[in-house]
Structures are given as structure tokens and as C-alpha cells.
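Visitor: Please walk me through this one, and begin with the rings.

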Amino acid sequence: MARPMADPGRAKALAPREREKFERTVLVHLDSAFNLARHLMRDPEEAQDAVQESFVRALRHFAGFRGENGRAWLLAITRNTCWSLLEKRRARLAATEFDETLHSPERQMPSPEADLERAIAADVVRRSLAELPLVFREVIVLRELEDLSYREIAEITGVPAGTVMSRLARGRAHLVEVLQARRTPA
């Protein structure tokens with residue numbers, strides 16, 4: 001993924017030392033931010049927009065960053081940005097009439113035969129994960145795909161670690177149910 005384009009005027013406001021610190025502390029976590037945004041937004045283009053907006057926010061507020069964990073800080077910003085964008089999308093969709101071409105998932109071309117089985121399995125897991133409620137999906141992505149600790153997830157989501165563990169357990173159980181339902185022929 002390309003690096004987000006921050007406001008050039010704002011980027012120049014950072015002293016060279018601060019810009020280096022921003023790059024070392026925050027910019028290195030671009031892939032993690034995109035991964036989280038992609039799973040929350042369910043659309044790669046919207047995820048890129050969310051990550052770009054998150055990096056602009058991070059850059060704008062970097063002078064106030066006092067923590068040690070730039071990854072958790074950035075992922076919290078990314079999460080909040082995604083939630084805000086999802087709320088705007090919900091409001092917009094509520095006023096939009098259903099259109100089969102707009103609201104149906106895109107169909108992807110099959111991968112080469114050698115990768116077909118792996119691609120099918122990955123697609124089943126991805127679709128099953130997408131069916132989970134957002135609060136479960138986000139903690140599973142942060143824990144299983146981003147390998148964050150419960151403490152880091154609690155910091156990012158703004159809920160106690162016990163709630164994170166509960167959501168993970170419930171989300172995993174729900175994911176197993178969804179996967180088992182997909183296995184059972186209709």
C-alpha cells in the first residue's frame with residue numbers, strides 16, 4: 001500500500017527530529033493500520049481513505065503523543081476513524097434505495113488451480129469473519145491477525161481487558177458457528 005499523503009503544510013510544521021520520531025514510532029505501522037481498516041470497513045478503497053485520514057490525525061496530534069507504544073496509539077486512531085466513517089456510511093445508506101448492483105458483494109475470479117483450495121478456505125474464513133458483529137470482528141482482527149496483547153486491544157478499543165477477553169471468546173465461538181454452518185450443505 002502506498003504511504004498516506006499527509007497535508008504537506010502540516011508535515012513541514014514538525015521539526016526534522018520530530019518527523020524522524022513520527023516515522024519511527026507511527027509510520028512503521030502502516031500495514032497494521034491498513035489491515036485493521038480493511039477488516040472494519042470491508043472495502044479496500046474505504047480502508048485506504050480511513051488509513052490516510054488516520055495518519056493525518058496522528059500527524060496533527062503527534063506533539064501530544066507521550067506514550068511508548070506508537071502502534072497501539074495509531075491503531076486506536078484508525079479504529080476511531082473507521083467507526084466514524086462507518087457511522088457516516090450507515091446514515092448515507094439509510095437514505096439510499098436498495099440497488100442489487102451496489103449492495104451485492106463482488107465476485108472474484110478463481111485463483112490458479114494450484115492455489116484454489118487455499119483460496120477457497122481463505123475466502124470462507126474472510127466471509128465468515130465479515131459476518132461477525134463489528135465489536136467481535138475488531139477484537140479478533142487485533143488479536144489474531146495483528147497479534148496484539150489483551151492490554152493493547154483494551155487500550156485501542158477503550159474497554160477493560162476483561163471485556164476484550166469476553167468479546168474474543170464470544171467472537172471466536174460465533175466464528176466457529178458460522179464456519180460450521182458453511183460446511184453443512186443446505
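Guide: The structure holds four aromatic pairs, where a pair means rings of Phe, Tyr or Trp (its six-membered ring) with centres within 6.5 Å. In one of them, the ring centres of F62 and F65 are 5.9 Å apart and the planes make an angle of 20°, so this pair is stacked (planes under 30 degrees apart).

Visitor: What sort of model is this, and how are residues numbered?

Guide: It is a predicted model, in which local features need pLDDT of at least 70 and side-chain atom pairs pLDDT 80 or more, while totals for chains, interfaces and linings use all residues. Numbering starts from 1 along each chain as its sequence is written, and side-chain values use heavy atoms, without hydrogens or water.

Visitor: Back to the two phenylalanines: are F62 and F65 buried or exposed?

Guide: F62 has a relative accessibility of 2% and F65 has 6%, so both count as buried (under 20% relative accessible area with a 1.4 Å probe, protein chains only; exposed is over 50%, partly exposed in between).

Visitor: Which residues form the aromatic cluster?

Guide: The cluster is made up of F22, F62, F65 and W73.

Visitor: Changing topic, what is the overall make-up of the protein chain?

Guide: The protein chain has 10 helices and zero strands (DSSP runs, numbered from the N terminus: H or I of at least four residues, E of at least two). Of the 186 residues in the protein chain, 35% are buried. Among contacts (heavy atoms within 4.5 Å) in the protein chain between residues at least 6 apart in sequence, 70% join residues at least 24 apart.

Visitor: How do helix 8 and helix 10 cross?

Guide: The axes of helix 8, residues 134-145, and helix 10, residues 161-183, come within 9 Å and cross at roughly 100°, the axes being lines fitted to C-alpha atoms over the stretch in contact, with angles from 0 to 180 degrees between N-to-C directions. The two helices are therefore roughly perpendicular to each other (65 to 115 degrees). Helix 8 makes the contact through V135, F136, E138, V139, I140, R143 and E144, while helix 10 contributes R167, L168, R170, G171 and R172.

Visitor: And further along helix 10, where does S128 come in?

Guide: S128 is found in helix 7, residues 116-131, and with neighbours within four places in sequence left aside, S128 is in contact with L175, V178, L179 and R182. S128 has a relative accessible area of 0%, so S128 is buried.

Visitor: What about L179, then?

Guide: L179 lies in helix 10 and, at 26% relative accessibility, counts as partly exposed. Apart from neighbours within four places in sequence, L179 is in contact with V124, V125 and S128. L179 and L129 are 50 residues apart in sequence, yet their C-alpha atoms are 9.0 Å apart in space.

Visitor: One last topic, the backbone: which residues have a positive phi without being glycine?

Guide: R42, which is not a glycine, has a positive phi of about 65°, and R42 lies in the loop between helix 3 (30-41) and helix 4 (44-61). D147 is another residue other than glycine with a positive value, its phi being near 55°; D147 is placed in the loop between helix 8 and helix 9 (150-157).

Visitor: Is D147 buried or exposed?

Guide: D147 is exposed, with a relative accessible area of 60%.

Conventions
Rings of Phe, Tyr and Trp (its six-membered ring) pair if their centres lie within 6.5 Å; planes under 30 degrees apart count as stacked, over 60 as edge-to-face and the rest as tilted. Angles under 35 degrees count as roughly parallel, over 145 as roughly antiparallel, 65 to 115 as roughly perpendicular and the rest as oblique.
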